[in-house]
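Please consider the sequence and the fold together before reading on. The paragraphs that follow move from individual residues to the packing of the interior.

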Amino acid sequence: MKVVSFFSGLGGLDKGFVDTGYDIIWANDFDKFAVQTYKANFGEHIVLGDINEISLDEIPDCDVLIGGFPCQPFSMMGAQKGFEDTRGTLFFRVAEIIDDKNKKGKKPKAIILENVRSLKTHNNGKTYKEIYRILQDVLGYKVFCDILNSADYGVPQTRNRTYIVCFDNGAAEYKFPEKQKLDKTLQDLLEQDVDNKYFLSDKILPTILSDGTGGYKAKSEIDLKIARPLCATMAKMHRACQDNYVTQKGKVRRLTPRECARLQGFEDSFVIPVSDCQAYKQFGNAVTVNVSRSVAQSVKDTLKELGEWVD
């Protein structure tokens, strides 16, 4: 099945689909460093640029469309017809691309979108309501939605994300992948010979280990068995109540980029060609491969049941 990927980042969502037998024929991201990492691991089929500025004719036809689109507030003004309410948002651009394919008789059989956990409650639920309306009522897809946690799919990281899975075939009966027993801890993924630069100085330890300052209070914890959600700002040392820190050889340190890669389901063969700062950002923004792979397989199973899967 031919796949087009939007907002691809370093390729976490894409890798899950590649591992499951899909063919990613075209991808896009506007971050040049993410594109650098993607090319080093998946090939030259990713296009650097703003999706709003890429011509619809440049985007190839596909069987499946995937993407982790940014969450933006939608305007709820107007008569709520067509795409008027979502103009100016990146979701609108995705919808516009799908609509263009539909008009040309090349409508994707399935769409898989990933977003933050709070998508369904964003803007008092209006954002998701509008997304659902566009996908179902305007574009004609049968829509399924659930929140999946990386820790339920073999990765010791608490990372809840919203997944929207859509099928062009109204007969589709889709079930999200079943949860798996977690048999690893964060400690199982740690590197043993770590550069001194990852260890924290005595000067910054009181800040890292504090329970917050001012109006922000949270319990400071390190050496967690299941990591907190990786975030794009990991390069900036915050507090132990926000980021992940571990104790090794009697000293406290941050996670290495390779450990972050492991916590997102990437094998050690995955190439990290960028600086630590960019790597932290990319892995913090990434889709967990284990979850993507499970979703990709469940979509594949559904397409097979519908008689629409093509090798």
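Asp223 is partly exposed, with a relative accessibility of 30%. In this predicted model, Asp223 belongs to the loop that runs between helix 5 (205-208) and strand 8 (245-248). Its backbone deserves attention: although Asp223 is not a glycine, its phi is positive, about 60°. Most residues other than glycine have a negative phi. Phe7 is likewise a residue other than glycine with a positive phi, in this case about 50°. Phe7 sits in the loop between strand 1 (2-6) and helix 1. With a relative accessible area of 16%, Phe7 is buried, because the limit for that class is under 20%. A positive phi, near 80°, also occurs at Gly140, which follows helix 4.

Helix 4 itself spans residues 126-138, and its buried residues are Thr127, Tyr128, Glu130, Ile131, Arg133, Ile134 and Leu135. An α-helix has 3.6 residues a turn, so residues three or four places apart point the same way. The cover over the buried residues of helix 4 includes helix 3 (90-103), together with strand 5, strand 6 and strand 7.

The interior may be considered next. In soluble globular proteins, nonpolar side chains tend to be buried together. The largest nonpolar core here has 30 residues, and the members that touch the most others are Phe17, Tyr22, Val64, Ile112, Phe167, Val295 and Val299. Two or more residues each are supplied by helix 1 (12-19), strand 2 (23-29), helix 2 (32-42), strand 4 (64-67), strand 5 (110-116), strand 6 (142-149), strand 7 (160-167) and helix 8 (289-305). Helix 8 gives the largest share, five residues. Ile112 illustrates how these elements come together: beyond the residues up to four places away in sequence, Ile112 touches Phe17, Val64, Leu65, Ile66, Gly67, Ile164, Val165, Val295 and Val299. A second core, separate from this one, has 28 residues, among them Ile54, Ala95, Ile98 and Ile111.

How do helix 1 and helix 8 pack, and at what angle? Their axes are 7 Å apart and make an angle of about 45°. Helix 1 is therefore oblique to helix 8. The crossing of the two helices is right-handed. On the helix 1 side, the contact involves Gly12, Leu13, Lys15, Gly16, Phe17 and Asp19, which meet Val289, Ser292, Arg293 and Ala296 of helix 8. By character, the residues of this contact are four nonpolar, three polar and three charged.

Ser292 merits a closer look within this contact. This residue of helix 8 is buried, with a relative accessibility of 0%. Setting aside residues up to four places away in sequence, Ser292 touches Gly12, Leu13, Gly16 and Phe17, and also Tyr163 and Val287. Ser292 and Asp311 are 19 residues apart in sequence, and their C-alpha atoms are 19 Å apart in space.

A further link across the sequence involves Leu56, in the loop between strand 3 (46-48) and strand 4. Leu56 and Lys101 are 45 residues apart along the chain, yet their C-alpha atoms are separated by 8.9 Å. Apart from neighbours within four places in sequence, Leu56 is in contact with Arg93, Ile97, Asp100 and Lys101.

Methods: Residues numbered from 1 in each chain as written. Predicted model: local features only at pLDDT ≥ 70, side-chain atom pairs only at ≥ 80, totals over all residues. Heavy atoms only, no water. Core = buried A, V, L, I, M, F, W, Y, C linked by side-chain atoms within 4.5 Å. Buried < 20%, exposed > 50% of the residue type's maximum accessible area, 1.4 Å probe, protein only. Helix = DSSP H or I, 4+ residues; strand = E, 2+ residues; numbered from the N terminus. Contact = heavy atoms within 4.5 Å. Axes fitted to C-alpha atoms, helices over the stretch in contact; angles between N-to-C directions. Parallel < 35°, antiparallel > 145°, perpendicular 65-115°, else oblique. Left-handed = near helix turned anticlockwise from the far one by under 90°. Nonpolar A, V, L, I, M, F, W, Y, C, P; charged D, E, K, R; others polar.
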